[in-house]
Amino acid sequence: MESEKKSSAVSDVGAWAMNVISSVGIIMANKQLMSSSGYAFSFATTLTGFHFAVTALVGMVSSATGLSASKHVPLWELLWFSIVANMSITGMNLSLMLNSVGFYQISKLSMIPVVCVMEWILHSKHYAKEVKMAVVVVVIGVGVCTVTDVKVNAKGFLCACVAVLSTSLQQISIGSLQKKYSIGSFELLSKTAPIQAGSLLVFGPILDYYLSGKLILDYKFSSGVIFFILLSCSLAVFCNVSQYLCIGRFSAVSFQVLGHMKTVAVLTLGWLLFDSELTFKNIMGMLIAVVGMVIYSWAVEVEKQANSKVAPLSKTSLTDEEIRLLKEEVGKTTVKDVELARSG
């Protein structure tokens, strides 16, 4: 039992580490690929289509070689999920284009409370006050170090609302679909990735043209661009798998808290690798966010221990052994009653 707990803890840490490393890596690769000082590849939605195409290819190879089992999930569920996921990607890109960076960061910070409310509405899930307190500290910390100018307009606000709601619903759906169909994270991703890849590769270039005014067919691909696209796609496989893995093992709220830890890591690496400015305000915000994450980890552990203590007390079902003993006892009682009736 103790070894199982240790093994589970190692797997949890591995899932978190894979997500953080791959996410930060993909941001750094995309920064070199898409920035004006790099290769100026300004086709973010199409690039996401490439990501899911490579992920789908890896899933197909894995399924064909028998490395992963395939379980049935209704097509309408996969289509519905893919539509929500693509709305999330499109909404985020439009929100970033139409809003100031400050309002974009605020919309991302709002995802934690939105996820909490949606889980309460959809799954009647409640959170301990320690967890709520930790979430507030994390949001304040990340807000301090990322939010600068805040300008809002009607179109941008609408896109931000669509992005936040669809992203929150997508992340909640990942966990609920895995539980509903008893399907692993990689198996679920293998089923949704081809649908997302197909739709993003068809509509992505159109959206990118609307966002940047440039056609991907006019872009000149060099060996450096191809290398960074392949690197970005490879990291995306690990990023996508670890996202499904983390949400399946933990919750959408925990995944959002992890996302803000990645924000801190990106700011730090940007300062180390790209000479990005790091002010006292940034440092204070990051420290507050890290404290909030430590509190959150503690609060989740306290909640788990409290639930494990309550579970045995609220036990209502009998084990097979208890049923067998009960039957034997009833049988003995019946025999004694018959013998008493005869002797009477």
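From the N terminus onwards, the elements of the chain follow the order α-α-α-α-α-α-α-α-α-α-α-α. In this predicted model, the secondary structure amounts to 12 helices and zero strands. The chain holds 344 residues, and buried residues account for 41% of them.

A good place to start a tour is helix 8, which spans residues 185–212. Although helix 8 has 28 residues, its end C-alpha atoms are only 34 Å apart, whereas a straight helix would reach 40 Å at 1.5 Å a residue. Helix 8 also carries a kink of about 40 degrees at Phe203. The proline Pro205 comes shortly after this kink. Beyond the end of helix 8 stands Gly213, with a positive phi near 75 degrees.

Helix 8 also meets helix 2, which covers residues 44–64. Two packed helices are described by the angle between their axes and the distance between the axes. For helix 2 and helix 8, the axes come within 7 Å and cross at roughly 155 degrees. Angles over 145 degrees count as roughly antiparallel, and helix 2 and helix 8 are therefore roughly antiparallel to each other. The crossing in which helix 2 passes helix 8 is left-handed. Among the residues of this contact of helix 2 with helix 8, 17 are nonpolar, 10 are polar and one is charged.

Another pair to look at is helix 5, residues 111–123, with helix 7. Here the axes come within 9 Å, and the crossing angle is roughly 55 degrees. That angle makes helix 5 oblique to helix 7. The handedness of the crossing between helix 5 and helix 7 is right-handed.

The loops offer details of their own. Most residues other than glycine have a negative phi. Ala40, although not a glycine, has a positive phi of about 50 degrees. This alanine is found in the loop between helix 1 (2–34) and helix 2. Partly exposed residues have a relative accessibility between 20% and 50%, so Ala40, at 31%, counts as partly exposed.

Ser182 is likewise not a glycine, and its phi is positive at about 50 degrees. The loop that holds Ser182 lies between helix 7 (154–181) and helix 8. Returning to helix 8, then, Ser182 lies in the loop before it, while Gly213 follows it.

Technical notes. Residues are numbered from 1 along each chain as its sequence is written. This is a predicted model: local features need pLDDT of at least 70, side-chain atom pairs count only at pLDDT 80 or more; totals for chains, interfaces and linings use all residues. Side-chain values use heavy atoms; hydrogens and water are left out. Helices (H or I, at least four residues) and strands (E, at least two) are DSSP runs, numbered from the N terminus. Buried means under 20% relative accessible area, exposed over 50%, partly exposed in between (1.4 Å probe, protein chains only). The expected span of a helix is 1.5 Å times one less than its number of residues. The bend at a residue is the angle between axes fitted to the seven residues ending there and the seven starting there. Axes are lines fitted to C-alpha atoms, for helices over the stretch in contact, and angles run from 0 to 180 degrees between N-to-C directions. Angles under 35 degrees count as roughly parallel, over 145 as roughly antiparallel, 65 to 115 as roughly perpendicular and the rest as oblique. A crossing is left-handed if the near helix is turned anticlockwise from the far one by less than a right angle, and right-handed if clockwise. Ala, Val, Leu, Ile, Met, Phe, Trp, Tyr, Cys and Pro count as nonpolar, Asp, Glu, Lys and Arg as charged, and the others, Gly among them, as polar.
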